[in-house]
Structures are given as structure tokens and as C-alpha cells.
Amino acid sequence: MGFDYDLDFKHIDFRKHPEKYKVGRGEQGVLLVEPYKSEILPHWRFKTPEIAKESSEKIYQLFLEYKEENDLVGMDMARKFLQMGYTRARRYTNYKGGRKYDKEGKVNERQIDETKADSAAIFMEKWKMAREDEEYLKFKKEHQRRYG
């Protein structure tokens, strides 16, 4: 089952109601699920490799803290932010200003920004660690079995 965008995200505390959370695909819901969005978003940055390293390490540390608490929703949200760090940095790697399309809807010319590519690689490393974590995979499977 995919991510449920029909929920009342402004009023649901997913820490108190993990049964309402659906893992979904990729980054679905990354900027909706509270209180995790508010806990993780302030640390999410990728402008330079140094900033990306600090950011990805902090978000991965949050992933590990959620893991200690057996909090699948928190783990999954941290994983999504790490993934989003990679995908956004890649977008900025390929397109100045992060815009693939111009105002007329035509694809902008690719301009490789090595700094952003390095930032993306840093996030990729932590994203891979999170998504392949054995306990995360076990918690995720159990959550999906119980709640869909």
C-alpha cells in the first residue's frame, strides 16, 4: 500500500499513532509526518560537502536514536531525509539552481557542479547504511504486516 496523503497531517502525532503511518515509496510524505519533520528538517542541508557531511551524520544519528527506541516511523523518516539529501543534491549537481525545466517547459542544459556531486555522494553513503540496516528492515516489514 502506498503513502496515504488523505490523512489530517496537521493534527496527527505519528509518534503517538504509528499505526496511521504508511511507509510508501521513496521520499513520500517526508515533509508531512510530525513530529519527525520538525525534528529532522532543521538539520537537513547539502550546500557544500562539509555541510552535507555534518547534516547526514546528524540525521543518521537521529536514525540510530529512533532505532534505539524501536521507532520505525522515525527511522523511516530519517531514511527519507537522507534519500532526499541525495536526490536534491543530485538535482543541483545537474542543473544550476536545481531547475531541470525552464519557464517554457524545456529541459535546461546540464551543468555538472562537482561540489554538489560530492554532497550527493556523502548523503548516498548514509542513505545506503539506513536503508540496508537489518533492524530497520525487520521493523519495516513488521509495520507493513501489521498496518499495511
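# Report on a predicted helical model

Arg-79 is buried, since its relative accessible area is 7% and buried means under 20%. The structure described here is a predicted model. This report begins with the surroundings of Arg-79, then turns to a helix, a pocket and several individual residues.

## Arg-79 and its surroundings

Arg-79 belongs to helix H3. A polar atom of the Arg-79 side chain lies 3.0 Å from the backbone oxygen of Gly-26. Gly-26 also appears in the list of residues that Arg-79 touches, once residues up to four places away in sequence are not counted. The other residues in that list are Val-23, Phe-63, Trp-127, Ala-130, Arg-131 and Tyr-136.

## Helix H4

Two of the residues touched by Arg-79, namely Trp-127 and Ala-130, are among the buried residues of helix H4. The buried residues of this helix also include Lys-116, Ala-117, Ser-119, Ala-120, Phe-123 and Lys-126. Which helices help to cover the buried residues of H4? The cover includes helix H2 (49-68), helix H3 (72-94) and helix H5 (134-147).

The length of H4 can be checked by a short calculation. Helix H4 comprises the 18 residues 114-131, and at 1.5 Å a residue it should span 26 Å. The C-alpha atoms at its ends are 25 Å apart, which agrees with the expected span. The N-terminal end of H4 is capped by Asp-113. A side-chain oxygen of Asp-113 lies 2.9 Å from the backbone nitrogen of Thr-115.

## The largest pocket

The largest pocket holds about 180 Å³ of space. It is lined by 13 residues, and those closest to its centre are Pro-18, Asn-70, Leu-72, His-143 and Tyr-147. Helices H3 and H5 each supply at least two residues of the lining. Which helix gives the most to the lining of the largest pocket? Helix H5 does, with 5 residues. Sorted by class, the lining has 7 nonpolar, 2 polar and 4 charged residues.

Two of the residues closest to the centre of the pocket, His-143 and Asn-70, may be described in more detail. His-143 is placed in helix H5. Is His-143 buried or exposed? With a relative accessible area of 6%, His-143 is buried. Leaving aside neighbours within four places in sequence, His-143 is in contact with Pro-18, Tyr-21, Val-23, Leu-72, Val-73 and Gly-148. Pro-18 and Leu-72 in this list are also among the residues closest to the centre of the pocket.

Asn-70 lies in the loop between H2 and H3. At 54% relative accessibility, Asn-70 counts as exposed. The phi angle of Asn-70 is near 55°, which is a positive value in a residue other than glycine.

## Residues of helix H2

Ile-59 and Glu-54 both have to be considered here. Ile-59 is in helix H2, and Glu-54 is in helix H2 as well. At 0% relative accessibility, Ile-59 counts as buried, whereas Glu-54, at 61%, counts as exposed. Leaving aside its neighbours within four places in sequence, Ile-59 is in contact with Ile-40, His-43, Trp-44, Ala-78, Phe-81, Leu-82 and Phe-123. Phe-123, in that list, is one of the buried residues of H4.

## Pro-35 and Glu-109

Pro-35 is found in the segment before helix H1 (36-40). A cis peptide bond joins Glu-34 to Pro-35, with omega at about 10°.

Glu-109 is located in the loop between H3 and H4. At 65% relative accessibility, Glu-109 counts as exposed. Setting aside neighbours within four places in sequence, Glu-109 is in contact with Asn-94 and Tyr-95.

## Separations along the chain and in space

Separation along the chain may be set beside separation in space. The table lists three pairs of residues, with the distance in space given from C-alpha to C-alpha.

| Pair | Separation in sequence | C-alpha to C-alpha distance |
|---|---|---|
| Ile-59 and Asp-71 | 12 residues | 15 Å |
| Glu-54 and Met-77 | 23 residues | 18 Å |
| Glu-109 and Arg-15 | 94 residues | 43 Å |

Key
Residues are numbered from 1 along each chain as its sequence is written. This is a predicted model: local features need pLDDT of at least 70, side-chain atom pairs count only at pLDDT 80 or more; totals for chains, interfaces and linings use all residues. Side-chain values use heavy atoms; hydrogens and water are left out. Helices (H or I, at least four residues) and strands (E, at least two) are DSSP runs, numbered from the N terminus. The expected span of a helix is 1.5 Å times one less than its number of residues. Buried means under 20% relative accessible area, exposed over 50%, partly exposed in between (1.4 Å probe, protein chains only). Contact means heavy atoms within 4.5 Å. A polar contact is a pair of N or O atoms within 3.5 Å; within protein, one must be able to donate a hydrogen and the other to accept it, and residues adjacent in sequence count only if both atoms are side-chain atoms. On a 1 Å grid over the protein atoms alone, a cavity is a set of points where a 1.4 Å probe fits but cannot get out, and a pocket is an open set with protein on both sides within 12 Å along at least five of seven lines; lining residues have an atom within 4 Å of a point. Grid points are joined across faces, edges and corners, and a volume is the space filled by probe spheres set on the points. Ala, Val, Leu, Ile, Met, Phe, Trp, Tyr, Cys and Pro count as nonpolar, Asp, Glu, Lys and Arg as charged, and the others, Gly among them, as polar.
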